[in-house]
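Open the model in your viewer and keep the sequence panel visible. The tour goes from the whole chain to one helix and then to a single residue.

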Amino acid sequence: MRLTYTCKACKRQNFLTLKEETRPDLQRRVNADEVRVNCDTCGKVDKRHINRITAIPDNRIILVGTITGIIVTALLIYYLWLIAVITFSIPIFVWKYESEQAHKFNSYALRRK
């Protein structure tokens, strides 16, 4: 799961370097309701409320799971056909886990003060 926000100036999507599982954890880590962000495209430094930060599945982890599933499936397909089919489902499990983590983060919002 990656945390992302949209720049107010250029409307581009950027990623946070902070890694937290929930919004309250993120709030505790930064000790505030707003996170200071710096746009990678236009360089604008701004503050974003924690509720404006969203989580998306990390495609890099899904890609690693897909490659691992393909390699294990290719190695086992000649020897154990049924196990090879089961290992082909590894990327599906990785994608499902990443999506659930992102949904869990996005479904909880903090109360504004």
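What percentage of the 113 residues in the protein chain do buried residues make up? The share is 35%. Keep in mind while looking that this is a predicted model.

**Whole chain**

Select the protein chain and colour it by secondary structure. Four helices and five strands should appear. Read from the N terminus, their order is β-β-α-β-β-β-α-α-α. The radius of gyration is 19 Å, well over the 13 Å given by the globule rule for 113 residues, so the chain is more spread out than a compact globule. Along the principal axes, the C-alpha atoms fill a box of roughly 60 × 30 × 20 Å.

Next, turn on contacts. Of those with a separation of 6 or more in the protein chain, 59% are between residues 24 or more positions apart.

Switch to a surface. About 7,800 Å² of the protein chain is exposed, and 60% of that comes from carbon and sulfur atoms. Then colour by charge: the chain has 19 positive and 10 negative charges, and the mean positions of the two sets lie 6 Å apart.

**Helix α1**

Select residues 23-30, which form helix α1. Which residues of this helix are buried? They are Arg23, Pro24 and Leu26. Turn the view to look down the axis of α1: the buried residues fall within an arc of 160°, so they line one face of the helix.

To see what lies over them, add β1 (2-6), β5 (54-56) and α4 (90-106), which are among the elements covering the buried residues of α1. Then step to Asn31, just after α1, where phi is positive at about 55°.

**Ile61 in helix α2**

Move to residues 59-76, helix α2, and pick out Ile61 within it. Is Ile61 buried, exposed or partly exposed? Its relative accessibility is 39%; it counts as partly exposed because that value lies between the 20% limit for buried and the 50% limit for exposed.

Which residues does Ile61 contact, leaving aside its neighbours within four places in sequence? Show Val94 and Glu98, which are both in contact with Ile61. Both positions fall in the range of α4 (90-106), the helix already displayed as part of the cover of α1.

Finally, draw a C-alpha to C-alpha distance from Ile61 to Met1: the two are 8.6 Å apart in space, with their positions 60 residues apart in sequence.

Methods: Residues are numbered from 1 along each chain as its sequence is written. This is a predicted model: local features need pLDDT of at least 70, side-chain atom pairs count only at pLDDT 80 or more; totals for chains, interfaces and linings use all residues. Side-chain values use heavy atoms; hydrogens and water are left out. Helices (H or I, at least four residues) and strands (E, at least two) are DSSP runs, numbered from the N terminus. Buried means under 20% relative accessible area, exposed over 50%, partly exposed in between (1.4 Å probe, protein chains only). Contact means heavy atoms within 4.5 Å. The radius of gyration is taken over C-alpha atoms; the globule rule is 2.2 Å times the number of residues to the power 0.38. Accessible areas come from the Shrake-Rupley method with a 1.4 Å probe; for residues, only the protein chains shown count as cover. Lys and Arg count as positive and Asp and Glu as negative; His and the chain ends are not counted. The place of a charge is taken as NZ of Lys, CZ of Arg, CG of Asp or CD of Glu. The arc is that of the directions from the helix axis to the C-beta atoms.
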